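Please examine the structure shown below with attention to its empty spaces and its nonpolar cores. The discussion takes up the enclosed space, then the open pockets, then the packed interior.

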Amino acid sequence: IAAQLHAEGYLDQPYAGSTYNPALADAVTRLQRDYGIAADGIVGPDTLAVLNLGPGDHARALAVALERRRWLSRNPPLTRIDVNTAAATLRYYRDGALVDERKVIVGEPGKETPALSSPIYRLVANPTWTIPKSIQHGELAGVSRRYLRAHNMFRRGGWIVQRSGRGNALGLVKFDMHNQHAIYLHDTSSRHLFERSQRHLSHGCVRVADALGFAEMLAEQEGVASEWQRARDTGRQRFVALPREIPVRMLYHNVFVASEGQVAYRTDPYGWNAPIAAALGFSG
């Protein structure tokens, strides 16, 4: 473990001891953050898999990443939002320049955020949440009236709906998008989760760090800031159409160029790389 941490640059000096000390734990924690693993300083299966990566594994990951990029348009929209679901990050480009980058929470394995292109067409202030049937018949199956009242929920036409408010699972803003998967960006009432390095936690939609600040920036740039503020001030669900749609791309890049300019690696949380690697001629 120590030798690999030193080889990867996480330890300044070689370590010849036989004790897992705080310096090693700190180095492991930094590696875990870089690879999007829960940063607990514990060498569990995911961390061990990263430590055991060799040059061939990195070459395989690079080849898959380049193949994924080959599928994309050579001329993407100059103004767009790119969500990297492998890294759980968002980048916002305006007129070809990167103007904002922030953390997001994306779908957990088994409830993956799909790869798609879909535009934001309106902002929703103080959204209500109509709970999907999969959750209603799963986690919320058989909940009592007392539970519904405690969570500001009610039943309407066979659906469970959560009223607007800070405790709403969608938070205080939703970014409505056109797609058949019911995938969209939104705020959250569990903002502490953005501090985690492993952020594959949702049912598929994308929670945005400081979503209110992001919405205010979009509203200002698109010339609807006053309409957005009035909608927010009502405290009730209100819709603010954008003068133009803003394209959003849900991408899956576990190797990418980080903002500092270096090549960054992440794990393959959805297990989507193996079929591509096999098609490219790599062994398991």
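In this predicted model, there is 1 cavity with a volume of 30 Å³ or more. The largest cavity encloses about 40 Å³ of space. Its lining is drawn from several stretches of the sequence: Tyr-35 and Gly-36, Ala-86 and Ala-87, Ser-197, Gln-198, Arg-199 and His-200, and finally Arg-266 and Thr-267. By class, this lining comprises 3 nonpolar, 5 polar and 2 charged residues.

The open spaces come next. The largest pocket holds about 860 Å³ of space. Its lining counts 36 residues, and those closest to the centre of the pocket are Trp-129, Pro-132, Ile-135, Ala-169 and His-203. Two or more lining residues come from each of strand 4 (116–125), strand 5 (129–130), helix 5 (133–136) and strand 8 (173–177). Sorted by class, the lining of the largest pocket has 15 nonpolar, 15 polar and 6 charged residues.

The second largest pocket contains about 560 Å³ of space. Among its 26 lining residues, Arg-33, Asp-34, Phe-256, Ala-264 and Arg-266 are found nearest the centre. Helix 2 (22–35), strand 2 (89–94), strand 3 (97–107) and strand 14 (263–265) are the elements that each supply two or more residues to this lining. Its composition is 8 nonpolar, 6 polar and 12 charged residues. Arg-266 thus appears in two linings, that of the largest cavity and that of the second largest pocket.

Which residues of the largest nonpolar core touch the most other members? They are Ile-81, Val-83, Leu-90, Phe-175, Leu-185, Trp-228 and Met-250, within a core of 47 residues. The element that gives the most to this core is helix 7 (residues 211–221), which contributes 6 residues.

Trp-228 merits a separate look. When neighbours within four places in sequence are set aside, the contacts of Trp-228 include Leu-123, Val-124 and Ala-125, together with Val-173 and Val-240. Trp-228 is also in contact with Leu-212, Ala-215, Glu-216 and Ala-219. Apart from the largest core there is another core, of 16 residues, including Leu-5, Leu-51, Ala-61 and Val-255.

Notes: Residues are numbered from 1 along each chain as its sequence is written. This is a predicted model: local features need pLDDT of at least 70, side-chain atom pairs count only at pLDDT 80 or more; totals for chains, interfaces and linings use all residues. Side-chain values use heavy atoms; hydrogens and water are left out. On a 1 Å grid over the protein atoms alone, a cavity is a set of points where a 1.4 Å probe fits but cannot get out, and a pocket is an open set with protein on both sides within 12 Å along at least five of seven lines; lining residues have an atom within 4 Å of a point. Grid points are joined across faces, edges and corners, and a volume is the space filled by probe spheres set on the points. Ala, Val, Leu, Ile, Met, Phe, Trp, Tyr, Cys and Pro count as nonpolar, Asp, Glu, Lys and Arg as charged, and the others, Gly among them, as polar. Helices (H or I, at least four residues) and strands (E, at least two) are DSSP runs, numbered from the N terminus. A nonpolar core is a set of buried Ala, Val, Leu, Ile, Met, Phe, Trp, Tyr and Cys residues joined through side-chain atoms within 4.5 Å. Buried means under 20% relative accessible area, exposed over 50%, partly exposed in between (1.4 Å probe, protein chains only). Contact means heavy atoms within 4.5 Å.
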